[in-house]
Amino acid sequence: RVAMAALRLAAYSLVFVAAVCAESQFQTLAHLRPLVSDEEQTKAVRELLSRLLGPRAPDFLLTVNRSMPGPEEQERFELRTLPDGRLFVLGSTGVAAATGLYRYLTTFCRCHISWSGDQLSLPSPLPAVPQPRRVTSPNRFRYYQNVCAYSYSFVWWDWERWEREIDWMALSGINLPLAFTGQEAIWQMVYISLGFNQTEIDNFVVGPAFLAWGRMGNMHSWAGPLPNSWKKNQLNLQHQILQRMRSLGMLPILPAFSGFVPGAIRRLFPEENITRLGSWGHLNCSYSCSFLLDSKSSLFQKIGKMFLLELVKEFGTNHIYSADTFNEMTPSSSDPKYLSTTSNAVFKSMTQVDPLAVWLMQGWLFVNRPSFWQPTQIKALLHGVPLGRMIILDLFADSRPAYSFTESFYGQPFIWCMLHNFGGNTGMYGTIETINKGPFEARLFPNSTMVGTGITPEGIEQNDVVYELMNEIGWCKKPLNLTEWVMSYAQRRYGKTNDDAVAAWLLLFQSVYNNTVYRKDHNRSPLVHKPSLKLDTSLWYNKSDVYEAWRRMHAAISDLFSSETFRYDLVDVTRQSVQLLVSEFYEDLKNAFLKYSIVGLQTSGNVLVHDLLPELDKLLSSDKHFLLGHWLQTARSLATSEKEADLYEFNARSQITLWGPGGNLLDYANKQWGGLVNDYYALRWDLFVSTLIKCLEKRIPFSQAHFNQIVFQLEQSFIVNKVKYPDKPVGNTFEIAKKMFLKYYPQAMKNGEFYIDMH
């Protein structure tokens with residue numbers, strides 16, 4: 001089966017070979033270039049090299065020269081071996097030089113860098129490059145980040161973690177990153193200048209873990225207030241982030257005013273026309289129904305100008321700004337004139353401060369509310385801004401590309417993006433065939449205005465393989481051979497070739513990582529959702545492929561046990577397999593209840609609640625990447641007082657469980673972490689099983705409404721339970737994984753061929 005899958009993937013990749021057309025040229029974007037000198041970029045990329053390779057750094061020579069041969073508008077690098085054996089990397093920018101370095105490390109040295117660990121066993125001497133190799137990116141931009149990732153992933157980061165991420169970005173070829181940190185300190189100054197008092201500001205802002213949606217006007221007044229120490233810390237952090245990004249030749253994107261204001265503005269400006277939008281995220285109007293200032297008002301321009309002046313004064317600018325006025329919210333009018341006036345006002349608020357401003361906007365709204373955003377409305381919003389002065393992120397192009405139903409965004413340039421992840425959920429997922437062809441199809445689209453590729457996950461530090469693939473595609477002129485690529489990936493990730501590990505990755509690539517039907521990557525496993533009798537256990541793949549990958553990874557333990565990345569992958573494949581087993585036990589529970597079998601309920605329930613889930617919790621607790629305690633500890637570490645620490649922990653616990661005060665987006669940001677499985681998910685399932693048993697014993701129907709009430713109390717108790725969870729791994733990963741495999745693999749094989757075809 002593995003061989004057949006390999007042939008199928010290889011055949012697909014080889015068949016899809018099309019001429020690559022020239023990328024759309026927009027002179028309006030020509031000024032978006034690194035502002036720092038070649039010398040400063042050279043210094044920065046050499047410092048990155050030292051951080052990455054330490055004592056082996058002198059074996060390399062990295063240099064930046066924007067005048068190197070090649071098209072000026074496209075980034076490029078050259079690799080060659082010097083007479084003394086050193087590897088010389090020449091890049092047109094710091095990012096290009098770093099990308100060239102990583103290309104050499106992966107291609108010639110079989111090395112690997114990822115969120116879950118690095119494999120940097122360099123051969124000595126370095127392998128020679130037979131002849132100079134020059135690579136030019138076909139994409140003007142390679143974008144990274146999602147506004148939501150600032151809450152789901154980045155929220156508790158310190159500079160050390162940011163520094164590693166920016167290094168990874170440069171090595172991955174990213175030149176257009178979002179830079180949203182620290183803006184609350186700027187808004188504080190603006191609000192005070194406008195006449196708001198501190199109480200009004202505190203009552204409006206949201207807590208740290210929910211800033212992403214406060215910034216987009218989706219919500220307000222929840223999980224705050226925001227301490228002054230937080231604002232100061234984040235302001236200082238933003239200076240470090242921007243300095244490093246710019247020194248490497250990146251073009252950081254700053255925030256701009258989108259029109260949302262505190263409700264207390266009616267006290268200060270009672271004559272202003274202010275629209276209150278509808279609710280968002282199942283929140284009531286105490287926490288949503290945001291206030292949107294009339295775009296025709298002079299106050300709109302005043303606030304926009306005040307904010308951007310302060311922002312640019314504080315941080316400088318690379319002339320590109322992000323704002324989203326109608327993200328997941330329906331405008332008050334579908335009148336094209338209203339929509340174009342609104343977008344024009346947002347753009348004008350940028351250009352009155354920075355005449356060279358370019359607006360970057362998420363295109364998610366067109367996919368999220370298609371009933372409202374018809375061609376007339378989309379065109380009106382986009383054409384409120386001069387053509388070429390707005391870049392659209394086709395945010396979900398890996399599943400629902402918007403360029404294809406908007407005639408390439410009616411002439412505005414766009415970036416083809418892979419969203420991939422929602423809520424930072426844990427769980428294997430990918431659309432590898434789509435991302436391997438999508439960008440090239442978009443570039444060949446009639447009158448294409450594509451200017452780049454991007455990765456836009458709501459949360460990161462999961463599914464390393466998908467992001468490595470997409471980042472490499474950003475530098476490719478044609479699709480990759482996916483079979484060859486993943487076989488090479490397995491070798492460089494672990495530092496050696498192991499047939500079982502390679503076979504496991506081929507199986508994963510043909511199944512869980514190859515969704516070819518529309519389906520958001522929400523982990524729908526019953527494991528991480530509130531129990532009911534109507535949970536969705538359908539799959540887009542044959543789960544026996546995952547179980548066989550589990551067996552293959554288990555067989556590779558003796559050869560690869562010293563690899564950090566293998567240990568992570570072993571945990572992840574075991575976790576994915578257990579997730580599938582939970583679905584099987586759930587179906588057994590449901591069938592037992594429908595057949596009035598108390599014994600069946602007790603048998604399946606006991607295994608699920610008292611054996612399988614506790615074993616999973618032990619496994620997750622043995623690896624540093626799967627710890628609830630780390631999430632909570634990093635949150636508390638940013639506090640300057642016990643009161644602040646408690647607020648941050650409340651934010652951290654709330655986001656991954658109830659989300660809002662009433663469970664409004666319950667389990668949206670679910671995680672499979674050690675501590676969370678035992679003390680949250682397992683307790684819910686225990687309550688569910690006992691409730692079903694009581695229903696049969698008392699001969700009464702199961703009431704989901706009643707269960708929701710009692711389980712909500714349990715969910716709330718987790719938010720405030722004050723339990724301190726380990727922030728360091730506990731236990732031997734390999735011993736726990738072996739025990740789980742021997743105990744549960746036979747159970748998996750018993751039902752492993754069961755397959756619900758989503759096609």
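User: In this predicted model, why is Cys285 called partly exposed?

Analyst: The relative accessibility of Cys285 is 40%, and since partly exposed covers the range between under 20% for buried and over 50% for exposed, Cys285 counts as partly exposed.

User: What makes Cys289 buried?

Analyst: Cys289 has a relative accessible area of 3%, and the cut-off for buried is under 20%, so Cys289 is buried.

User: How do you know that a disulfide joins Cys285 to Cys289, and why is the disulfide called left-handed?

Analyst: The S to S distance for Cys285 and Cys289 is 1.9 Å, which satisfies the requirement that the sulfur atoms lie within 2.5 Å; the torsion about their S-S bond is about -60°, so the disulfide is left-handed. A search of the whole structure finds one disulfide.

User: Why is Cys417 too far for a bond with Cys148?

Analyst: The closest cysteine sulfur to that of Cys417 belongs to Cys148 and is 13 Å away, whereas a disulfide requires sulfur atoms within 2.5 Å, so the two are too far for a bond. Cys417 is also buried, with a relative accessible area of 0%.

User: What makes the pair of Tyr489 and Trp505 edge-to-face?

Analyst: Their ring centres are 5.3 Å apart, and the limit for a pair is within 6.5 Å; their planes stand at 80°, and edge-to-face applies over 60 degrees, so the pair is edge-to-face. The pair links distant parts of the chain, with Tyr489 in helix H18 and Trp505 in helix H19, 16 residues apart.

Technical notes. Residues numbered from 1 in each chain as written. Predicted model: local features only at pLDDT ≥ 70, side-chain atom pairs only at ≥ 80, totals over all residues. Heavy atoms only, no water. Phe/Tyr/Trp six-rings, centres within 6.5 Å; stacked < 30°, edge-to-face > 60°. Helix = DSSP H or I, 4+ residues; strand = E, 2+ residues; numbered from the N terminus. Buried < 20%, exposed > 50% of the residue type's maximum accessible area, 1.4 Å probe, protein only.
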